[in-house]
Amino acid sequence: MGVVSTRIVILGGGPGGYEAALVAARLGADVTVIEKDGPGGASVLYDCVPSKTLIATSVRMSVLSESGALGVNFDGGADGEVGGVKADLALINKRVKDLARAQSFDVADRLGYEEVKIVRGEGRLDGPRAVVVGERRIEADVIIVATGATPRVLPGAEPDGERILTWRQLYDLPELPEELIVVGSGVTGAEFAGAYLSLGSKVTLVSSRDRILPSQDAEAASVLEDVYRRRGMNVMGRSRAGAVERSGDGVVVTLEDGRKVHGSHCLMTVGMVPNTRGIGLEAAGVKLGRGGYVETDKVSRTSVPNIYAAGDCTGVLALASVAAMQGRIAVWHALGEAVQPLKLGWVSSNIFTDPEVAAVGVTQAMVDNCEVDARTVMLPLNTNARAKMQGFEDGFIKLFCRRSTGIVLGGVIVAPRASELIMTLAVAVQQHLTVDQLAHTFTVYPSLSGSIQEAANRLTVDSAY
């Protein structure tokens, strides 16, 4: 008699789902992934990959348009152009969608190589040990729910796909919005507002809070808001949208205080809703928490022992990296492998604005509220030689260390490609390195990473331990 494999069925083919599938297949499980949009899920096809591709183009545009100070000039500057550089939105969107499909094909190839079965369709639980897709019923020893989330829709501001849009509808626009109103100043709103500003749109960012990026480091948010205002964005703080309506060839956003904002298009970025309703979770005994998110523990278990969950449907952190780790942890635990529980303090995040905002570990708010006894240093980016050479003036490196031992607790980086720089601090946090160890690590000169070493050196020199 041959060895019987554990049957694992995964609802959702995004990062949480496909990473779980790859680990499970390599460990000898019989794996089936059910996905309605295609391999990679919404993250690859509509969200993360397309948005970051668009943003990469916008950053290139911004660099070109601001190169005059470096001696590089472009003729032109007519309507629809930024510093003589014009965005072809139709071509940009084609590249965005082509790249997303290519990434989806790559995911499919990886899954196929590991002999993971892919079923196209919408699945739902039929009790705790089976999943139904159409007329097909698939029995499972383990089920992993990785169904993701959908853009939230506000009553009175329903998207029509033409003038009132969610970010998943942007890539079908035939031309650049002349006057784009972005409602919501969180991560998604800030990213798209900056991207379309760089591409050449007039942008108004409507924020219900005092500042943009209200959940992020206040000093980082301040730098970004200053950059946006300097580049011409209209940032409206303490302005909550009440309704959005079509008005001829444009839109009108009515604020709760009665003011009206006119534009050609409106992008709604007001959060996400988990895709957990109507898929049999509660009937199977899975407990849903506030907002309909699946409740999980630190090894991705739900309230039902053989059902796990990963990704945006859990409401833990809406990051592809976190979803992927949750999926891997779920498989390791389900199959009895050694597993380390998810530690959010080790998670590095990045906001793909220009400049980028990256962070890991403890926050400034935690230090200010005396939740952590830490020392802090912040170095402005404009003191870095490489930054001066490349014309980077906005940003900083902030580093936190434990007062008594000098162990690195976290940091914030506001800089171009901060997403690449933050790993140094992530490794330091995860491996419990000290600022002395960072300060004695060789870096390239000149380099932006040199400011990380310099920040560590400042904390070492100023330390009392």
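Q: Which helix gives the most residues to the lining of the largest cavity?
A: This is a predicted model, and a search of the whole structure finds 1 cavity of 30 Å³ or more. Two helices, α3 (48-65) and α5 (187-199), each supply at least two residues of the lining of the largest cavity. With 5 residues, the helix that gives the most is α5.

Q: Where does the largest cavity lie with respect to domain 1 and domain 2?
A: The space in this cavity comes to about 70 Å³. Of its 13 lining residues, Ser58, Gly194, Ala195, Thr353 and Asp354 lie nearest the centre. Because domain 1 (7-150 + 274-341) and domain 2 (164-270) both give residues to the lining, the cavity lies between them.

Q: How many charged residues are in the lining of the largest cavity?
A: Let's sort the lining by class. It has 6 nonpolar and 4 polar residues, and the charged ones number 3.

Q: Is Glu19 buried or exposed?
A: Glu19 sits in helix α1 (residues 15-26). Leaving aside neighbours within four places in sequence, Glu19 is in contact with Gly14, Arg110, Ala324 and Arg328. Its relative accessible area is 14%, and the cut-off for burial is under 20%, so Glu19 is buried.

Q: Which cysteine sulfur is nearest to that of Cys370?
A: Happily, the disulfide count is simple: a search of the whole structure finds 0. Cys370 is in no disulfide, and its nearest cysteine sulfur, 16 Å away, is that of Cys401.

Q: Is Cys370 buried or exposed?
A: Cys266, at 0% relative accessibility, counts as buried. Cys370 has a relative accessibility of 68%, and the cut-off for exposure is over 50%, so Cys370 counts as exposed.

Notes:
Residues are numbered from 1 along each chain as its sequence is written. This is a predicted model: local features need pLDDT of at least 70, side-chain atom pairs count only at pLDDT 80 or more; totals for chains, interfaces and linings use all residues. Side-chain values use heavy atoms; hydrogens and water are left out. Helices (H or I, at least four residues) and strands (E, at least two) are DSSP runs, numbered from the N terminus. Buried means under 20% relative accessible area, exposed over 50%, partly exposed in between (1.4 Å probe, protein chains only). Contact means heavy atoms within 4.5 Å. A disulfide is a pair of cysteine sulfur atoms within 2.5 Å. On a 1 Å grid over the protein atoms alone, a cavity is a set of points where a 1.4 Å probe fits but cannot get out, and a pocket is an open set with protein on both sides within 12 Å along at least five of seven lines; lining residues have an atom within 4 Å of a point. Grid points are joined across faces, edges and corners, and a volume is the space filled by probe spheres set on the points. Ala, Val, Leu, Ile, Met, Phe, Trp, Tyr, Cys and Pro count as nonpolar, Asp, Glu, Lys and Arg as charged, and the others, Gly among them, as polar. Domain bounds come from an automatic or database domain assignment.
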